Amino acid sequence: MKPLAILFATSEMAPWVKTGGLGDVAAALPAALRRAGHDIRVLMPYYPALAAVFPDATVVAEIPQLARHLPAARLRLAVVDELPLLLIDCPALYARPGNPYLDAHGHDWPDNVWRFGLLSRVAALLGQVGNPYGWQADVVHANDWQTALAPAWLHYEGGAASVVTVHNIAFQGCFGHDSLAGLGLPEHAWRFDGVEYHGTLSFLKAGLQLASQISTVSPTYAREIQDEHFGYGLAPLLRHRAGALRGILNGVDTDIWNPADDPALAAPYAANRLAAKRTNKAALQAAMGLRPDDDRPLFGVISRLTQQKGLDLLLTIADGLPHLPAQLVVLGSGDKAMEAGYRELAVRYPGEIAVRIGFDEELAHRIEAGADCFVMPSRFEPCGLNQMYSLRYGTPPIVRATGGLADTVVDVNDETLADKTANGFVLDSDTPHALWVAMMRVAEAWQDRRLWQRIQKNGMRRDFSWKHAAADYLTLYRDALARPA
Ligand code: ADP
Ligand code: GLC
């Protein structure tokens with residue numbers, strides 16, 4: 001089949017700019033499609049973190065001012081492992097330190113509408129004939145609200161087919177009516193079947209309405225977001241577009257997340273060499289100031305600390321953990337009250353509970369390897385990557401039955417043990433009590449080392465590589481081409 005020209009537009013990409021799973025996906029999926037022989041190029045802002053790594057990125061096009069509030073910019077090119085990165089150099093919008101979405105006080109940057117408006121606009125431009133870069137995408141693939149406005153220009157002005165992937169529907173990018181003109185969108189786009197959404201201009205709604213095809217990051221989440229509870233207001237639109245919507249489960253980068261060859265670990269291990277996992281537990285206990293013994297399970301958490309992740313549930317019951325008995329290690333940041341709650345918890349139980357507030361990629365690997373069980377009681381989880389990392393690392397997860405968690409974790413019971421699918425512990429309600437019961441089940445199962453190893457091995461055997469997902473995205477692109485917006 002003829003190779004496709006695909007533009008993958010994103011607001012983050014690991015390892016340079018990452019606040020969550022989108023960064024990991026943006027690093028892995030385009031690389032997988034490149035390897036499959038397609039001409040995929042990644043588009044994102046030339047953030048300071050990227051300017052520092054690629055100071056000499058070649059200027060490949062001058063983008064003129066395209067609307068009142070979208071300043072002129074330069075398009076730069078850096079190539080990493082044969083994957084072209086197109087970087088929008090516009091210092092007025094992107095040359096600022098820190099988080100791509102938030103200022104130092106945790107508030108949205110006040111000009112996010114223009115920052116991600118320009119990103120979306122340039123994404124659309126590169127799908128249109130006669131653009132200044134001289135390469136035209138067949139398919140523009142937008143990810144989350146920050147790029148989801150791209151299909152609007154392609155719809156109103158013509159150009160490439162478009163795809164929007166929802167990584168998290170809770171973030172929608174809603175702004176005032178006046179932004180329509182500032183972004184250079186036509187007044188007639190202000191319609192219920194255009195970009196308008198309850199009196200705002202919504203980037204995500206526009207994309208879901210106008211893209212040729214829509215996807216989200218797990219089959220279960222694709223169903224859930226058509227339901228009022230999970231749809232954050234967009235369920236009726238998604239039901240209307242159900243024929244164009246599908247769920248494609250994310251893969252994980254099996255080179256970066258590989259316990260047999262992970263430079264962050266104290267000792268490598270694999271399903272047939274599980275004993276060495278203990279060395280990692282001891283190293284983690286030592287590094288985090290936990291009491292060094294292996295007579296009780298060590299629970300691990302790596303997460304944004306938000307309502308979504310359900311870590312308030314864990315906070316509610318955590319005082320019981322030392323008596324279970326169990327230890328806990330938490331790495332995360334986010335909600336300030338939750339950060340404070342976890343800090344205080346660690347102060348109350350020195351040696352038993354350790355908490356690190358912050359973002360630390362290397363420690364994340366050490367926790368995956370050193371913990372016995374990973375805790376992820378999310379209220380909703382479009383896909384979730386950490387439960388898959390945990391399964392690969394022989395660290396069976398406790399999860400809620402939602403989104404990608406429901407699609408990857410199989411609860412331990414007689415039947416699933418018999419058919420060798422049991423790989424974790426699943427809660428069906430989001431109460432502290434349900435989480436407590438699951439943690440007690442873990443503490444008991446963990447004491448039975450043979451049983452525990454069976455559960456570990458079931459998870460470690462499963463294939464979470466990008467191979468399958470990459471093929472599904474190609475089908476999605478071809479469907480988009482067959483049915484332009
Ligand atoms: P989400 O994108 O909703 O935050 P995912 O599970 O898809 O959830 O992805 C989270 C990613 O971010 C994982 O790669 C995880 O290891 C990483 N991560 C989250 N918090 C931290 C942290 N405090 N330190 C290091 N890595 C983190
Ligand atoms: C979002 C979701 C997470 C998903 C990630 C990558 O951040 O919250 O569940 O894994 O995107 O698709």
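The following conversation goes through the two ligand sites, the sheets and some backbone details of this predicted model.

Reader: Let us start with ligand 1. How many residues are around it, and which come nearest?

Author: There are 21 residues around ligand 1. Those that come nearest are Gly21, Asp24, Arg304, Lys309 and Gly358.

Reader: Which side chains place an N or O atom by an oxygen atom of ligand 1?

Author: Lys309 is one of them, with a side-chain N or O atom 2.8 Å from an oxygen atom of ligand 1. Asn386 is another, and there the distance is 3.3 Å. In addition, a polar side-chain atom of Arg304 lies 2.7 Å from an oxygen atom of the ligand.

Reader: And how much of the accessible area of ligand 1 does the protein cover?

Author: On its own, ligand 1 has 560 Å² of accessible area, and the protein covers 93% of it.

Reader: Which elements give two or more residues to that shell?

Author: They are H1, strand E13 (298-305), strand E14 (327-334), helix H14 (361-370) and helix H15 (386-392). The largest share comes from E13, which supplies three residues.

Reader: How do the shell residues divide into nonpolar, polar and charged?

Author: Around ligand 1 there are seven nonpolar, seven polar and seven charged residues.

Reader: What about domains: where does the shell around ligand 1 draw its residues from?

Author: At least three residues come from domain 1 (5-251 + 466-482), and at least three come from domain 2 (274-461).

Reader: Now ligand 2. Which residues are closest there?

Author: The closest are His167, Asn250, Glu381, Cys383 and Gly384, out of 14 residues that surround ligand 2.

Reader: What are the polar distances to the oxygen atoms of ligand 2?

Author: From an oxygen atom of ligand 2 to a side-chain N or O atom of Asn250 the distance is 2.9 Å. For the side chain of Gln308, the corresponding value is 3.2 Å. Gly384 takes part through its backbone, with an N or O atom 2.8 Å from an oxygen atom of ligand 2.

Reader: How much of ligand 2 does the protein bury?

Author: The protein buries 93% of the 310 Å² that ligand 2 exposes when taken alone.

Reader: Which element gives the most to this shell?

Author: Helix H1 (residues 21-35) does, with three residues. H1 is also among the elements that give two or more residues to the shell around ligand 1.

Reader: And what is the make-up of the shell around ligand 2, by residue class and by domain?

Author: By class, six residues are nonpolar, six are polar and two are charged. By domain, the shell draws at least three residues from each of domain 1 (5-251 + 466-482) and domain 2 (274-461).

Reader: Let us change topic to the sheets. What is the order in the sheet of nine strands?

Author: The order is E3-E4-E5-E2-E1-E6-E7-E11-E12, in an open sheet with mixed pairing.

Reader: Why is one side of E3 and of E12 left without a neighbour?

Author: Strand E3 (58-63) and strand E12 (245-247) stand at the edges of the sheet and each has a single partner strand, so one side of each has no neighbour there. From one strand to the next, the twist averages 25°.

Reader: Do you have detail on E1 and E6: how many bridges join them?

Author: Strand E1 (residues 5-9) and strand E6 (residues 139-143) run parallel and are joined by four bridges. The bridge partner of Ala9 in E6 is Ala142.

Reader: What about the sheet of three strands?

Author: That sheet is open, has the order E8-E10-E9 and shows antiparallel pairing. Its edge strands are strand E8 (174-175) and strand E9 (196-197), each of which pairs on one side only. Two bridges link E9 with strand E10 (residues 200-202) in the antiparallel sense, and Glu196 has Leu201 as its bridge partner in E10.

Reader: Last topic, the backbone. Which peptide bonds are cis?

Author: The bond from Ala14 to Pro15 is cis, with omega near 5°, and Pro15 is found in the loop between E1 and H1. The bond from Leu324 to Pro325 is also cis, with omega near 0°. Pro325 sits in the loop between helix H12 (311-317) and E14.

Reader: And where is Tyr232, and what is its phi?

Author: Tyr232 is in the loop between helix H9 (228-231) and helix H10 (235-240). Although Tyr232 is not a glycine, its phi is positive, at about 45°.

Notes:
Residues numbered from 1 in each chain as written. Chains lettered and ligands numbered in written order. Predicted model: local features only at pLDDT ≥ 70, side-chain atom pairs only at ≥ 80, totals over all residues. Heavy atoms only, no water. Near = heavy atom within 4 Å. Polar contact = N/O pair within 3.5 Å; in protein donor to acceptor, adjacent residues only side chain to side chain. Areas by Shrake-Rupley, 256 points an atom, 1.4 Å probe, with all protein chains shown as cover. Nonpolar A, V, L, I, M, F, W, Y, C, P; charged D, E, K, R; others polar. Domains from an automatic or database assignment. Pairing = 2+ DSSP bridges. Axes fitted to C-alpha atoms, helices over the stretch in contact; angles between N-to-C directions.
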